[in-house]
Amino acid sequence: MKLLLPSSSSVPQKSLPPHLTSPFCFRLKSLALPYNLISILNSQFLIPYKSNANEEAIYIMKRENNSGSISSEDSGFFEEEANVDSNNDSNYVEGGNTDANVFSGENWSTVFLREEEVSQLQEDDIAGVSALLSIVRSAACFLLCHFSWNANKLQEEWFSDEDKVRETAGLLRKPVFLHQVGSVNCGICFEDYDCSYDQSADGAIISAACGHPFCKDCWTGYISTSINNGPGCLMLRCPEPSCSAAVDWDLIRNVLTNQHDHEIERYKRYLLRSYVEKHKQMKWCPAPDCQYAIKVFDEDLTGNGNCYDVSCICSNSFCWNCVEEVHSPVECDTLGKWILKNKDDSQNAQWIVVNTKPCPKCKTPIEKNHGCNHMRCSLPCGHHFCWLCLGPLGCKCNSFQRAANQNAKKEESQSERERKRLKMSLERYNHYYVRWANNQASKKKAIESLHMAQTVHIVKLASRSESSLTQINDFEFIIQAWKQIIECRQVIKWTYAYGYYIPEENKYDKKRQLFEYLQRQAEHSLERLHKCAETELKEYVQDWTPLEKFPEFRLRLIQLTNVTGTYFKKLVTALENGLPEVESS
């Protein structure tokens, strides 16, 4: 079955150039956009259109040549997008445009690693460096930490100047402090100990490679405190202030006995997490309680500052560059500014300036919460004044008074202008933030609906169906529709941050106008899909509509899912490119 195009009889024909005769163009009249922008829009986006002859949704995509007909290349693309086999929706659920990664930039080669698998990779790297440099494993581990787990850089500098690397990292060849056999004074507690004791004994004197003597109790307190203070313990040095000798894993394991298993496990966790966090091609999934790390195998995609979306097998998606949630079409810098602005207390200060006035006596900000203009400041001030002019009661602010003090008048005028400017700024921010937050809430609700569809709705439909749709997998198109809704809600949410940071200068009016139109069309398309997946599906789940009509619903939902995904993919690409068509016009 193909998507229907409106017939010429159902569309009013106007006296316009041939390339503006598509139904889509008539919806742009109110925007008063230039013809070249309308043509660009007509060629780039799939626009929903409702025909007078058919109340169902009709989706059109026309890229017209000079003759006004669909070009052969685009016609083929449209045929590919429009053909839908009602008995086979594999094009939409496996590798199609409605896949969960529909907005990912590139197809990477990725692998998901559990903690034990990451630990094994770490051990392999340590063993490789240990064998290559002919050093013990604990020294190899410390060197790799020092070089941010970059084995290639470590090998280059080691073979270039081994002594310099040892000095910088603190791996000394010979001790710098030699103590006599017998009684030795601990450098921390200043108690005398017999250095002939076995190092496993409580009263033993233990030294790093530098030779500075400290008792085991002091070493235990020093190392335990460092581990509890955070990952800095991975680069721990000798307690002697003037010494930079390394405190490696062998020494830590020798000092911390069975009573300190918690500190040992914490140290190992710091070591493992540092291996992933310093690795250019590996990152932890930021989802709470997720223990997976993701590794990519294309070095060209890492470390270049670009945004690439990654989906973990725990179903969490995030940006590879900033490890924040997926935020197409805005850049990582814009996301950072938006999040910071939402947390910034300056918005509270702006609200105070816009919605309050200072008491003329004590200067405390006062909000007017009743209709009367007679204001009384709270105790201990208790000052009575007029809200309109901030003057004493009995004022004559209803009549226009030509102030004798022109400076005071000028100052009041400037203050009022600043007040209006801040009010406009606050209202503009609230406009975008409310819609950003609303789509965030809609996305969370869609995630709950996806779970409900997987666990309840599909089971009910499968149990009631007497047709060929009797297997759970036959209802996969419903899951894909909800996944598409979740992805699109995420995109729409971040388009409001994108719109907020479009400059307010007049030269950006065309860009803002075009952006708002595309955003509005995207929301319209998404709302139709959301309604179909939520409201219409409920009619079949609750047995309000006969199942004989379910194949029609299935086909309609697949079409809406595919078309909405295509439109949003084009929208993201256009916004990420900065809508260059506007600038060229």
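**Close-up 1. Phe190 sits in the loop between β4 (183-185) and β5 (192-194).** This is a predicted model, where local features need pLDDT of at least 70 and side-chain atom pairs count only at pLDDT 80 or more, while totals for chains, interfaces and linings use all residues. Residues are numbered from 1 along each chain as its sequence is written, and side-chain values use heavy atoms, with hydrogens and water left out. Strand and helix labels come from DSSP runs numbered from the N terminus: E for strands, at least two residues, and H or I for helices, at least four. Now to the backbone: phi of Phe190 is near 60 degrees, so we have a positive value in a residue other than glycine. Most residues other than glycine have a negative phi, and most peptide bonds are trans. Phe190 is also exposed, with a relative accessible area of 58%. On this scale, buried is under 20% relative accessible area, exposed is over 50%, and partly exposed is what falls in between (1.4 Å probe, protein chains only).

**Close-up 2. Ser315 has a positive phi too, at about 80 degrees, and is not a glycine.** Look for Ser315 in the loop between β10 (309-311) and β11. Its relative accessible area is 67%, which puts Ser315 in the exposed class.

**Close-up 3. Ser328 and Pro329 are joined by a cis peptide bond.** Omega is about 10 degrees here. Pro329 belongs to the loop between β11 (317-319) and α12 (332-343).

**Close-up 4. Cysteines here, but the disulfide count is zero.** A disulfide is a covalent bond between the sulfur atoms of two cysteines, and the cut-off used is a pair of cysteine sulfur atoms within 2.5 Å. For Cys314, the closest cysteine sulfur is in Cys290, 3.6 Å away, which is too far for a bond. Cys314 is partly exposed, at 33% relative accessibility. Cys322 is in no disulfide either, the nearest cysteine sulfur being that of Cys332 at 3.7 Å. With a relative accessible area of 25%, Cys322 is partly exposed.

**Close-up 5. Helix α5 (residues 115-133) crosses helix α11 (residues 261-277) at roughly 80 degrees.** Their axes come within 10 Å. Here axes are lines fitted to C-alpha atoms, for helices over the stretch in contact, and angles run from 0 to 180 degrees between N-to-C directions. That crossing makes α5 roughly perpendicular to α11, a label for angles of 65 to 115 degrees; under 35 is roughly parallel, over 145 roughly antiparallel, and the rest oblique. On the α5 side, the contact (heavy atoms within 4.5 Å) uses Glu115, Val118, Ser119, Leu121, Gln122 and Asp125. On the α11 side, Arg269, Leu271, Leu272, Tyr275 and Val276 take part. By class, that gives six nonpolar, two polar and three charged residues. Nonpolar covers Ala, Val, Leu, Ile, Met, Phe, Trp, Tyr, Cys and Pro; charged covers Asp, Glu, Lys and Arg; the others, Gly among them, are polar.

**Close-up 6. α5 also packs against helix α6 (residues 137-146), at an angle of about 110 degrees.** The axes are 8 Å apart, and the two helices are roughly perpendicular to each other. From α5 come Glu123, Asp125, Ile126, Ala127, Val129, Ser130 and Leu133, which meet Arg137, Ala140, Cys141, Leu143 and Leu144 of α6. The contact residues split into eight nonpolar, one polar and three charged.

**Close-up 7. Arg273 and Glu277 form a salt bridge inside helix α11.** The term means a side-chain nitrogen of Lys or Arg within 4 Å of a carboxyl oxygen of Asp or Glu, and by that rule the count is 14 salt bridges. In this pair the closest N and O atoms are 3.8 Å apart. The two residues are four apart in the helix, about one turn. Arg273 is partly exposed at 28%, while Glu277 is exposed at 55%.

**Close-up 8. Arg556 and Glu536 meet in a salt bridge, 2.6 Å from N to O.** This pair links distant parts of the chain, with Arg556 in helix α17 (residues 550-576) and Glu536 in helix α16 (residues 509-541), 20 residues apart. Both ends are partly exposed: Arg556 at 24% relative accessibility, Glu536 at 22%. Elsewhere, Glu162, Asp163, Arg166 and Arg173 are joined into one network by salt bridges that share partners.
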